[in-house]
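Please open the model in the viewer and keep the sequence panel visible. The tour below proceeds by selection, with a short account of what each selection shows.

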Amino acid sequence: MASEHRSSTASTIDPVQMIADARRALFTMVGVLAAIWLIQLVNWMDDYDLGKRFGVVPQDLSRLPNVVTAPFLHWNWAHLEANSGPLFVFGFLAAYRGVKKFLGLTLLVALTSELTSWVFDSPNRIGAGASGVVFGYFGYVVLRGIIDRNLIDTLIGVVLGASYAYMVTSALPGVAPGISWSAHLGGLTGGLAGAWIFRNRAPRRADEAKAEGKAQGKAQGKTKSTGTDPNSPNAALLKELDDLGL
């Protein structure tokens, strides 16, 4: 993304910029997935010792710092494969509007998902996995367009929300045994909050220009309707009548 402050209300769409943004988001997500798969390879070769040491143990203060490492660890290849598809799709859509925002969002949803898991999950388990981050990206993309008042992003959010609404059920207690509903709920909450925190704060130049144009149009209309042409011989009289409200 060439600028983190690009106006969301621009009346024209630049195809070259769209392609550049998509390419940047694609490379970002390829890099993220490559790193997670490399970590999984090391974890697997070490008999998943990384997961045991850097996963989250609920209510254990000594393991609280692991909230930033647990989302990048998985317990087996099937676990990683299940997360990789939605992580790539939702992450790509999240990264499309700016890599800096994406990195901030990733940290936010990692913290909210794992902290929620640390508080609510059973202390006899070790939590790890990127599913909470997936839910965070999902919530962010669904809500982002509405907050930024961006038609394209809003349509993407509506389609994504309708297509994957079933996912939200796994963020409810007892619906999916063996899965951390609290991590899902925490990630989703963080993503929704992130849509507001990382909203587009650029000046809405199109709106301002439109409002200015309307004001100028009204002023010109008033001038025409009152006939206050400074070269008119009746200009002084008409001005006095206008001042009197006549």
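**A buried salt-bridge network**

Select Arg144 and Asp153: the two form a salt bridge in which the closest N and O atoms are 3.6 Å apart. Both Arg144 and Asp153 are buried. The model is a predicted one.

Keep Asp153 selected and add Arg97. Here too there is a salt bridge, with 2.9 Å between the closest N and O atoms of Arg97 and Asp153. Arg97 belongs to the loop between α3 and α4, whereas Asp153 sits in helix α6 (residues 151-163), so this pair ties together parts that are 56 residues apart in sequence. Arg97 is buried, as is Asp153. With all three residues displayed, one network is visible, in which Arg97, Arg144 and Asp153 are joined by salt bridges that share partners.

**A salt bridge within one helix**

The structure holds five salt bridges. For another of them, select Asp49 and Arg53, whose closest N and O atoms are 2.7 Å apart. Both residues are in helix α2 (residues 49-54); because they are four residues apart there, about one helical turn separates them. How exposed is Asp49? Its relative accessibility is 25%, so Asp49 counts as partly exposed. Arg53, with a relative accessible area of 44%, is also partly exposed.

**The whole chain**

Return to a cartoon view of the full chain. It contains nine helices and zero strands, and the pattern read along the sequence is α-α-α-α-α-α-α-α-α. Of the 246 residues, 38% are buried. Among contacts with a separation of 6 or more, 76% are between residues 24 or more positions apart. The accessible surface amounts to about 13600 Å², and carbon and sulfur atoms account for 68% of that area.

**The largest nonpolar core**

Next, select Leu87, Phe90, Ala94, Leu105, Tyr137 and Tyr140. Within the largest nonpolar core, which has 29 residues, these are the ones that touch the most other members. Two or more residues of this core come from each of α1, α3 (77-95), α4 (99-120), α5 (131-148) and α7 (181-197). Which element gives the largest share? That element is α5, with seven residues. In soluble globular proteins, nonpolar side chains tend to be buried together.

Centre the view on Leu105 and show its surroundings. Setting aside residues up to four places away in sequence, Leu105 touches Ala94, Tyr137, Tyr140, Gly191, Gly194 and Phe198.

**Along helix α1**

Move to Thr28, which is placed in helix α1. Thr28 counts as buried because its relative accessibility is 17%, under the 20% limit for that class. A polar atom of the Thr28 side chain lies 2.8 Å from the backbone oxygen of Arg24. Beyond its neighbours within four places in sequence, Thr28 is in contact with Val99 and Phe102.

Then follow helix α1, which covers residues 15-45, to Met45. Is Met45 buried or exposed? At 62% relative accessibility, Met45 counts as exposed. Finally, add Leu38, Leu41, Val42 and Trp44 to the selection and switch on the surface: together with Met45 they make a nonpolar surface patch of about 510 Å².

Terms used
Residues are numbered from 1 along each chain as its sequence is written. This is a predicted model: local features need pLDDT of at least 70, side-chain atom pairs count only at pLDDT 80 or more; totals for chains, interfaces and linings use all residues. Side-chain values use heavy atoms; hydrogens and water are left out. Patches are made of residues with over 30% relative accessible area and no salt bridge: like charges are joined within 9 Å, nonpolar side chains (Val, Leu, Ile, Met, Phe, Trp, Tyr) within 5 Å. Accessible areas come from the Shrake-Rupley method with a 1.4 Å probe; for residues, only the protein chains shown count as cover. A salt bridge is a side-chain nitrogen of Lys or Arg within 4 Å of a carboxyl oxygen of Asp or Glu. Buried means under 20% relative accessible area, exposed over 50%, partly exposed in between (1.4 Å probe, protein chains only). A nonpolar core is a set of buried Ala, Val, Leu, Ile, Met, Phe, Trp, Tyr and Cys residues joined through side-chain atoms within 4.5 Å. Contact means heavy atoms within 4.5 Å. A polar contact is a pair of N or O atoms within 3.5 Å; within protein, one must be able to donate a hydrogen and the other to accept it, and residues adjacent in sequence count only if both atoms are side-chain atoms.
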